[in-house]
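Here are a few friendly notes to go with the structure. They deal with charged pairs first and a helix contact after that.

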Amino acid sequence: MTRITEHIELPVVSAGTRRQVTLHRWGGGLARRAYIQASLHADETPGLLVAHHLVRLLDRAAEEARIAGEIVVVPFANPIGLDQHLADVHLGRYHAESGENFNRGWPALTETVAGAVADRLGTDPDANVAAIRGAIRAATLALPASREDQALKRALFLEAGVADLVLDLHCDSEAVLHLYLGTPLWPDACDLAGDLKSHAHLLAETSGGNPFDEACSTIWWELAQRFPDKAIPNACLSATVELRGGPDVDDATALGDAEAILRVLTRRGFLTGEAGPVPPLLAEATPLDGVDMIAAEVPGVAVWTVAVGDRVEKGQTLGEIVDVEDAHAPRTPIVARTGGVLFARKLEKLVRPGQPIAKVAGAEPLPWRTGNLLTSR
Ligand SMILES: [Zn+2]
């Protein structure tokens, strides 16, 4: 079963310009689908190299006749953001035209789908999944797509919105590998955290802003809550995979990540073969509202005394902000307000007041962490 490559044309945004999304598919038409996309935030490079290695590994698996489910890989999910530069700096996180974060505002289809399937749900979970996926597909096709950013969203969601497994490959600024996923998906997703050697697995039922992974998975438990007497499983295991920090791009690391994803695909039946035992977890899963996003209190230069990946204590000083105006001014300590893994921080050392500069994965919800839990400022 060889690979089929598709090129989906996006609407022309201006005369003389044309962009397309490339999509690789193995095992098209098989019953279950895995969907993996790289660099929805277009300036996050690690996923591009992981997807490169993943395509090569999947081509080899196809030659060995190991394809047992449909597998879709989008090796660069955001051709719009790939083309946004200002003064030699690549700006791939926000859509330059609308100012929107490319990983927010994905389709929230629960109301529409609930209305479409209310009379057709029963006690057979497989039949319910099929009916719901049909309604998701119809609702996605009805989304506006005249602008290229809308058309990009619709094209990607048509593939991912009806998948059984979705991995959205991102990266942070300076970080160890970590995951964001829905609380109801844990502990089912233990293998993902184990195989990828995740250092923090951050759970939220709804984190706010409707990022891509939640658009794919949340609808299932929202429908189950809406129709408690019907058999509606969590039919989509969806996760945002943060592949360390932006500069962490090398062949050995990317190949290791691609091999880990291959083990997940094997373990979950998309490939035949042996995945071996799930490696022991490096950490317990923790709530997203337990993440302390530490903001800089003053402007200056951050100097750190701990490393990313370190376990820190509540009240511990992680570093200091140096006043660049007064060489004799006392330094401002950067203090952890919870204990846990320091899983990410700003790569840039020149910091501004109010700017989040470090993230610690604490085990207990923090009272001030309400509202949009992904907002980093
Ligand atoms: Zn990202």
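Is Arg33 buried or exposed?

1. Arg33 counts as buried, because its relative accessibility is 15% and the cut-off for buried is under 20%. Please keep in mind as you read on that this is a predicted model.

2. Arg33 has a charged partner: its side chain meets that of Glu70 in a salt bridge, with 3.2 Å from N to O. The two residues come from distant parts of the chain, with Arg33 in strand E3 (residues 33–38) and Glu70 in strand E4 (residues 70–74), 37 residues apart. Glu70 counts as buried too, at 5% relative accessibility.

3. The next pair to look at is Glu174 with Arg345, whose side chains form a salt bridge at 3.0 Å, N to O. Glu174 belongs to strand E8 (residues 174–175) and Arg345 to strand E18 (residues 340–345), so this pair ties together parts that are 171 residues apart in sequence. Their surroundings can be read from the accessibilities: Glu174 is partly exposed, with a relative accessible area of 21%, whereas Arg345 counts as buried at 10%.

4. Asp257 and Arg244 also meet through their side chains in a salt bridge, here at 2.8 Å, N to O. This pair links helix H7 (residues 251–267), which holds Asp257, to strand E11 (residues 237–245), which holds Arg244; the two residues are 13 apart. Both Asp257 and Arg244 are buried.

5. Some salt bridges share partners, and in this way Glu6, Arg25, Arg33, Glu70 and Glu159 are joined into one network. The Arg33 and Glu70 of point 2 are thus members of that network. For the whole structure, the search finds 22 salt bridges. As general background, side chains of opposite charge can pair when their charged atoms come close.

6. Now to the helices: how do H3 and H4 run relative to each other? The axes of helix H3 (residues 125–141) and helix H4 (residues 148–160) come within 10 Å and cross at roughly 170°. That angle makes H3 roughly antiparallel to H4, because angles over 145 degrees count as roughly antiparallel.

7. Which residues make this contact? From H3 they are Ile136, Arg137, Thr140 and Leu141, and from H4 they are Arg154, Phe157 and Leu158. By type, the residues of the contact divide into 4 nonpolar, 1 polar and 2 charged.

Key: Residues numbered from 1 in each chain as written. Predicted model: local features only at pLDDT ≥ 70, side-chain atom pairs only at ≥ 80, totals over all residues. Heavy atoms only, no water. Salt bridge = Lys/Arg side-chain N within 4 Å of Asp/Glu carboxyl O. Helix = DSSP H or I, 4+ residues; strand = E, 2+ residues; numbered from the N terminus. Buried < 20%, exposed > 50% of the residue type's maximum accessible area, 1.4 Å probe, protein only. Axes fitted to C-alpha atoms, helices over the stretch in contact; angles between N-to-C directions. Parallel < 35°, antiparallel > 145°, perpendicular 65-115°, else oblique. Contact = heavy atoms within 4.5 Å. Nonpolar A, V, L, I, M, F, W, Y, C, P; charged D, E, K, R; others polar.
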